[in-house]
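Got the viewer open and your selection tool ready? Here is a short tour, one stop at a time.

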Amino acid sequence: MRLFATCARGLEPILTQELESLRQGNIEPGKGGVGFSGSLEDVYRTSLNLRTAVRILRPILESEVWSTDDLYQAVATIDWSQYLTLQHTFAIDCNVKDSEITHSLYAAQRTKDAICDQFMQKFKRRPSVNLDNPMMLINLHISANQMILSLDASGDSLHKRGYRPIQNRAPLNEALTAGLLMTAGYDGSMNLVDPLCGSGTFLIEGAWIALRRPPGLTRKRFGFQGWLDHDQGLYSRVREAERQKVAKELTHSIQGFDIRRDAIDFGHMNTKAASVGNQIQLARQDLMTTMPLGESGGMMICNPPYGERIGEERDLIPLYRRLGEVIRTGGEKWNCWVFSGNRNLLHEIGLKKRNEYRFFNGKIPCWLINYEPTK
Ligand SMILES: C[S@@+](CC[C@H](N)C(=O)[O-])C[C@H]1O[C@@H](n2cnc3c(N)ncnc32)[C@H](O)[C@@H]1O
């Protein structure tokens, strides 16, 4: 079957690499995601393993639609008893852009009507809608008057790994964090330090990469579990095979520092929830007065605050200048990466750039920059 894994803009090349390393067929990078072909087993394996994907979709209908009536007619051409029973609950997740249809909620409602009307005609009853926790999530994507209707294999977005119940002020999305680490070339064969670690997202995603631990391993539910062709026995076997591959211990250290006590407390809770609490070192430490990069060398990666409010930018200049000093003092043994949404502040680091990548943190354009330890 044809499948499409969605991701944040900028992460398509990394998602492509992930699919290649999982040996998926007919990989076709697109905008905001990557297409590929695979079996039900591949749906399970990719759902468990992909670190940068947001959701995996299984397209069932593509059509040109210029109005919600066109949409209704197109949806009605599907025999919905192939996908839903009267016992199912379902919901439609819709996004529209650059199309005659502009109202995503109304488009979702017409889609729901087409499905329910078909059931009413055949059975005089219909499956119920459950917006919060549907057994079957249907994805409707309309762009340039082309609609793609898909079964959503993920349900809740895949970036929700389940280890972060408490949010600190500015945690990075887990899928983006994993993508940044992979872009930087982190594979667990070097020490890792985040001197501004907040609740520890780089550290946890790094530990999971290093241990080859699939991010979906502890997830309670995937969307595909509501599909009529779902094979629970096959899924259990795929999951168990993936679980067997997880390494027990890190071969290189992972350390995080933050000036705030509550950030370190959240870090302890989150690393424990991610089953790596005893493998990651966390300490309260002010970057302005301490040197986090030791003699051993490795990779440093962090996302300093970017000062989204007026006045904050100026206050953050010393922190960015200090980062430059730390990277310079760390020397060639350290491969240093900084992720930020503020170019002026990044400029304050004052070092030569080796590489630069552009991403989006939600809607905010951001840069991941690799610095040389020289001016
Ligand atoms: C944008 S947050 C990092 C978020 C983190 N990546 C996460 O996923 O939770 C920036 C962090 O830098 C920390 N910080 C700011 N100034 C610092 C300093 N001088 N020394 C150490 N940490 C500092 C803040 O407390 C904050 O937790």
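Where is Ser154 found? Select it: Ser154 sits in the loop between S8 and H5. Helices (H or I, at least four residues) and strands (E, at least two) are DSSP runs, numbered from the N terminus.

Before moving on, a word on what you are looking at. This is a predicted model, where local features need pLDDT of at least 70 and side-chain atom pairs count only at pLDDT 80 or more, while totals for chains, interfaces and linings use all residues. Residues are numbered from 1 along each chain as its sequence is written, and side-chain values use heavy atoms, with hydrogens and water left out.

**Stop 1: around Ser154**

Is Ser154 buried or exposed? Ser154 is buried, with a relative accessible area of 0%; buried means under 20% relative accessible area, exposed over 50%, and partly exposed in between (1.4 Å probe, protein chains only). Now show what Ser154 touches, where contact means heavy atoms within 4.5 Å. Not counting residues up to four places away in sequence, you should pick up Val54, Arg55, Ile56, Arg219, Arg221, Phe222 and Gly223. Draw a distance from the side chain of Ser154 to Ile56: a polar atom of that side chain lies 2.9 Å from the backbone nitrogen of Ile56. A polar contact is a pair of N or O atoms within 3.5 Å; within protein, one must be able to donate a hydrogen and the other to accept it, and residues adjacent in sequence count only if both atoms are side-chain atoms. Add Leu48 as well: Ser154 and Leu48 are 106 residues apart in sequence, yet 9.8 Å apart in space, C-alpha to C-alpha.

**Stop 2: helix H2, then H1**

Leu48 takes you to helix H2 (40-49). Eight of the 10 residues of H2 are buried, so the helix is largely enclosed by the rest of the structure. Colour those buried ones: Leu40, Asp42, Val43, Tyr44, Thr46, Ser47, Leu48 and Asn49. Their cover includes S1, H1, S3, S4 and helix H7 (232-244).

Next, select helix H1 (residues 12-21), where Glu12, Ile14, Leu15, Thr16, Glu18 and Leu19 are buried. Covering them are, among others, strand S1 (2-6), strand S2 (25-29), strand S3 (33-37), H2 and helix H5 (174-184). After H1 comes Arg23, which has a positive phi, near 60°.

**Stop 3: Thr183 in H5**

Follow H5 to Thr183. Thr183 counts as buried at 15% relative accessibility. Its contacts, leaving aside neighbours within four places in sequence, are Ile14, Trp337, Tyr357, Phe359 and Leu368, and Ile14 is one of the buried residues of H1.

**Stop 4: empty space**

Rolling a probe the size of a water molecule over the atoms shows where empty space is left. On a 1 Å grid over the protein atoms alone, a cavity is a set of points where a 1.4 Å probe fits but cannot get out, and a pocket is an open set with protein on both sides within 12 Å along at least five of seven lines; lining residues have an atom within 4 Å of a point. Grid points are joined across faces, edges and corners, and a volume is the space filled by probe spheres set on the points.

How many cavities of 30 Å³ or more does a search of the whole structure find? It finds two. The largest cavity has a volume of about 50 Å³, and its lining is Ser47, Leu48, Leu50, Leu158, Lys160, Arg161, Pro215, Gly216 and Arg219. The second largest holds about 30 Å³; select Cys7, Ala8, Leu11, Thr52, Val54, His159, Asn173, Ala175 and Leu176 to see its lining.

For the largest pocket, expect about 1,400 Å³ of space. Of its 33 lining residues, the closest to the centre are Thr6, Cys7, Lys31, Gly32 and His141.

**Stop 5: the ligand**

Finish at the ligand, surrounded by 20 residues, the closest being Ser199, Thr201, Asp258, Asp286 and Asn303; a residue is near a molecule if one of its heavy atoms lies within 4 Å of it. An oxygen atom of the ligand is 2.9 Å from a side-chain N or O atom of Ser199. On the nitrogen side, a ligand nitrogen is 2.9 Å from a side-chain N or O atom of Asp286, and a ligand nitrogen is 2.6 Å from a side-chain N or O atom of Asn303.
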